[in-house]
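User: I am new to this structure and would like to know where its labels come from. Could you walk me through them?

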Amino acid sequence: PTGRDFRKGNLIIHTDAEVSESHPLFLELSTFPEQVCRTLELPVSDKLIHIYLFADRLKYEEYIHFEFKDIPNRRALFVKRPSNTPLKQDQLLVLCYWGDRIQDDLRHELTHATLHGILHDVPLWLDEGLAMYFEVGLAAQGRHRRMLDALDDLWGYTGELFEMDTLEASLAAQGIVPDRANLKSRWEATITRVFAEAALPMPTQ
């Protein structure tokens, strides 16, 4: 985007958005790559990450379609652009627009940029898993408020997993199908263990 360029830590921000350089978001993100490295016990990298922050979605999508024609629509994007010469480092680029989820988007893509700036190869499942973990902020430790709300909404329906109508009960009594009612205690024990391992609170309903 045509506008201002400024630096926060190892981040170079290029933006045409009318936002102050002292915005709390930039202050947080200035140390974000280092915190990701320390959390994962990786060497802290001094590689620069360029953030192209567009003022709105239209400008962002126009640029993405022009520069990366085959990439499907998405709110933000990380690109590792190979250097033309062996003496220069690959460029780490994050592209996004100023929207309602700018914090999540930037944390997510900056996690990709941080990992790929240090590691030669990052498996996709690990790359995306860590990006989702860190996108909610380091203090959240991977617990996403929307995920917790969804668990609360769905928990009230879990009892239906063990309900049986008259036909099912008859078949279960004959040993033809499992008696789902008898599975509930084992299911609850497993769910309790999984929630504890994930450091998630059990739904209250």
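Analyst: Happy to help. Let us start with one word: a residue is called buried when its relative accessible area is under 20%, exposed when that area is over 50%, and partly exposed in between. Please keep in mind that this is a predicted model.

User: Why is Ile-12 called buried?

Analyst: Ile-12 has a relative accessible area of 14%. The cut-off for buried is under 20%, so Ile-12 counts as buried. Its place is in strand β2, which covers residues 11–15.

User: What does Ile-12 touch, not counting residues up to four places away in sequence?

Analyst: Its contacts are Phe-6, Arg-7, Leu-48, Ile-49, His-50 and Ile-51. Take Ile-49 as an example: Ile-12 and Ile-49 are 37 residues apart in sequence, and their C-alpha atoms are 6.1 Å apart in space.

User: His-50 is on that list. What makes His-50 buried?

Analyst: The relative accessible area of His-50 is 16%. Since buried means under 20%, His-50 is buried. His-50 is found in strand β3, residues 49–54. Leaving out residues up to four places away in sequence, His-50 touches Ile-12, His-14, Gln-91, Leu-92, Leu-93 and Val-94.

User: Which residue can show me what exposed looks like?

Analyst: Try Glu-41, in the loop between α2 and β3. Its relative accessibility is 74%, and exposed means over 50%, so the label for Glu-41 is exposed. Glu-41 also has a phi near 55°, which is a positive value in a residue other than glycine.

User: And why is Ala-169 called partly exposed?

Analyst: Ala-169 has a relative accessible area of 38%. Buried stops under 20% and exposed begins over 50%, so Ala-169 is partly exposed. Ala-169 lies in helix α7, residues 166–173. From C-alpha to C-alpha, Ala-169 and Arg-180 are 9.0 Å apart in space, with their positions eleven residues apart in sequence numbering.

User: How much of the whole protein is buried?

Analyst: Buried residues make up 34% of the 205 residues. For the overall layout, the protein has eight helices and five strands, and from the N terminus on the elements run β-β-α-α-β-α-β-β-α-α-α-α-α.

User: Now the rings. Why are Phe-54 and Tyr-60 called an edge-to-face pair?

Analyst: Their ring centres lie 6.1 Å apart, and rings pair if the centres lie within 6.5 Å, so the two rings count as a pair. The angle between their planes is 65°, and planes over 60 degrees apart count as edge-to-face, so that name applies to Phe-54 and Tyr-60. By this rule the count comes to nine aromatic pairs. Phe-54, Tyr-60, Tyr-63 and Tyr-97 form one aromatic cluster.

User: Are Phe-54 and Tyr-60 buried or exposed?

Analyst: Phe-54 has a relative accessible area of 4%, and Tyr-60 has a relative accessibility of 1%. The limit for buried is under 20%, so Phe-54 is buried and Tyr-60 is buried.

User: What makes Lys-69 lie over the face of Phe-66?

Analyst: Lys-69 is at 5.5 Å from the ring centre of Phe-66. The rule asks for NZ of Lys within 6 Å of the ring centre and within 35 degrees of the ring normal, so the distance fits the first part, and Lys-69 is listed as lying over the face of Phe-66.

User: How do you know where empty space is left?

Analyst: Rolling a probe the size of a water molecule over the atoms shows it. The structure holds one cavity of 30 Å³ or more, and about 40 Å³ of space lies in the largest cavity. Tyr-60 is one of the residues lining the largest cavity, and Ile-64, His-65 and Leu-77 are also among them. Helix α3, residues 57–67, gives the most to this lining, with four residues.

User: What is the lining of the largest cavity like by class?

Analyst: By class, there are five nonpolar, two polar and two charged residues.

Terms used: Residues numbered from 1 in each chain as written. Predicted model: local features only at pLDDT ≥ 70, side-chain atom pairs only at ≥ 80, totals over all residues. Heavy atoms only, no water. 1 Å grid on protein atoms, 1.4 Å probe; cavity = no way out; pocket = protein on both sides within 12 Å on 5 of 7 lines; lining within 4 Å. Points joined across faces, edges and corners; volume = space filled by probe spheres on them. Helix = DSSP H or I, 4+ residues; strand = E, 2+ residues; numbered from the N terminus. Nonpolar A, V, L, I, M, F, W, Y, C, P; charged D, E, K, R; others polar. Buried < 20%, exposed > 50% of the residue type's maximum accessible area, 1.4 Å probe, protein only. Contact = heavy atoms within 4.5 Å. Phe/Tyr/Trp six-rings, centres within 6.5 Å; stacked < 30°, edge-to-face > 60°.
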